[in-house]
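Dear colleague,

I am handing over a structure that you have not worked with before. Please look through it first, and then read the notes below on what was found.

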Amino acid sequence: MKQQRLLWVDDEIELLRPYVLFLQEKGYEVHTATNGQDALSLCREQAFHLVFLDENMPGLSGLETLNQLKEMYPSLPVVMITKSEEENIMDQAIGNKIADYLIKPVNPSQILLTLKKNLHQQTIVNEALTQDYRQAFQNLSMQMGMASSLDDWKEVYRKLVYWELELEGANTGMEEMLQMQKQDANRQYAKFVARHYADWMARPDQRPLMSPDVFKTQVFPALDKGEKLWFVLIDNFRFDQWRSIKPLLSEDFHIDEQLFLSLLPTATQYSRNAIFSGLMPLDIQKMFPELWVDEDEDQGKNLNEAPLIQTQLDRYRKPYKFSYHKINDVAAGEKLIDALPRLKENDLNVVVFNFIDMLSHARTESKMIRELASTEAAYRSLTQSWYKHSALSDLMRYLANQKCKVILTTDHGTIRVDNAIKVVGDKNTNTNLRYKLGKSLDYNPKQVFEMKRPADFHLPSPNLSTSYIFAMNNDFFAYPNNYNYYVSYYKDTFQHGGISLEEMMIPLVSLEAK
């Protein structure tokens with residue numbers, strides 16, 4: 001490890017020689033100065049990793065020296081040492097962003113603790129993380145092998161996301177191992193879904209919480225209790241992305257978090273329309289054909305969400321007044337914020353934010369966005385940055401001061417794909433990379449989850465011979481024509497529609513202001 005260079009500034013430095021010798025014995029290179037001017041000169045001549053600075057010195061005071069040091073070297077850690085415990089001095093020092101604050105007389109343990117905290121914390125944390133994840137890897141592998149229920153898989157996914165966020169930015173070398181474990185988890189989870197999905201569709205009263213059940217189980221009970229409710233849906237919002245913005249909300253809200261399942265296909269036309277209608281896609285098509293848009297039609301697949309909400313309210317005889325808003329750009333967000341005083345009188349306000357979905361599509365089509373979101377961590381970082389400066393953040397700050405409940409959720413997640421699977425279809429086959437439907441699909445059945453009788457899965461059939469296939473793991477579908485170009489263009493893009501933990505297990509969060 002590179003030797004750490006310290007500067008200790010004190011007008012009584014000779015009295016501190018035992019401490020200097022102690023630090024030198026511990027392997028630090030220690031330089032000393034007796035006044036602020038000399039300290040500033042030394043800092044101009046060479047780089048220091050940390051400065052111990054006496055607050056009470058003749059001439060240039062400790063606080064004045066601190067101000068100049070921070071102007072010159074904003075990231076240099078400075079530890080203020082003083083005899084005084086006056087609150088105003090502490091406030092001034094902390095306001096100038098000191099790294100730590102010690103009261104004389106100091107002792108060797110205090111000094112070592114502040115050095116570990118400010119110079120070695122990341123190394124210590126990385127070593128502990130490496131050890132902890134190695135142990136967790138074994139436990140998770142066993143848990144995945146024994147998972148026999150959806151609750152078991154939810155727990156596995158929570159732990160995978162936890163470790164993904166813990167290892168983010170840490171230099172542990174464990175990232176590749178975690179990625180391999182995630183891929184293994186998705187392989188086993190896809191097999192689990194393939195075994196159970198038909199049974200879930202056949203027994204709606206025994207299936208897990210899925211897209212069509214959200215309003216009935218989460219929204220209506222709150223409204224029936226007389227609560228004002230905001231239902232906020234962020235399109236394409238994964239569980240790890242939720243976890244990245246959760247700390248930004250925890251100060252203002254009590255948070256109750258759970259996972260539920262997006263139905264297949266994990267795509268807006270199916271999963272989001274199912275949420276708002278409370279119906280499976282086939283039932284929407286049969287009961288409200290004017291509100292269902294087939295795959296081969298050019299018009300948008302999510303244009304009828306407000307009418308679908310109304311059909312569900314009518315079906316359950318819920319006479320609640322609601323509003324619906326779709327936020328696709330800054331202007332729409334500003335319009336929503338301006339309308340808040342009026343909207344708070346409604347029983348239910350539904351807001352859809354499309355930014356993350358647009359981001360995932362832009363990442364596929366734009367080289368610049370692909371560079372900005374080159375990794376999973378960067379994708380989360382962009383999500384967090386968007387949230388901080390978005391109308392959603394303004395909305396949540398407003399709702400934190402209102403007597404209401406907020407449900408924050410999504411319609412589906414997304415997965416980063418890297419393995420192409422060949423599929424052949426006619427000109428009417430849909431363009432989605434994670435699922436296909438058509439009447440003459442040619443594919444390797446061992447590589448996909450297939451639905452040859454869509455009606456059994458409550459999915460529409462444009463033709464009598466229509467079948468659906470779904471990509472699993474990190475796969476995506478590619479046509480043999482111009483195969484190499486197609487594969488290189490879509491490899492490492494974020495896609496949705498198929499079967500994976502990231503696409504299907506999505507957040508359902510209830511928030512109430514503190």
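Does Tyr162 count as buried, partly exposed or exposed? Tyr162 counts as partly exposed, because its relative accessibility is 39%, where buried means under 20% relative accessible area, exposed means over 50%, and partly exposed lies in between, with a 1.4 Å probe and protein chains only.

Please bear in mind that this is a predicted model, in which local features need pLDDT of at least 70 and side-chain atom pairs count only at pLDDT 80 or more, while totals for chains, interfaces and linings use all residues. Residues are numbered from 1 along each chain as its sequence is written, and side-chain values use heavy atoms, with hydrogens and water left out.

Aromatic rings were examined with a fixed rule: rings of Phe, Tyr and Trp (its six-membered ring) pair if their centres lie within 6.5 Å, and planes under 30 degrees apart count as stacked, over 60 as edge-to-face and the rest as tilted. The count by this rule is 31 aromatic pairs. The ring centres of Tyr162 and Trp163 are 5.2 Å apart and their planes stand at 80°, so this pair is edge-to-face; Trp163 is buried, at a relative accessible area of 9%. Phe231 and Phe276 also form an edge-to-face pair, with 6.2 Å from centre to centre and 70° between the planes, and both residues are buried. Ring pairs further link a cluster whose members include Trp153, Tyr189 and Phe470.

Of the 514 residues of the protein, 52% count as buried.

With best regards
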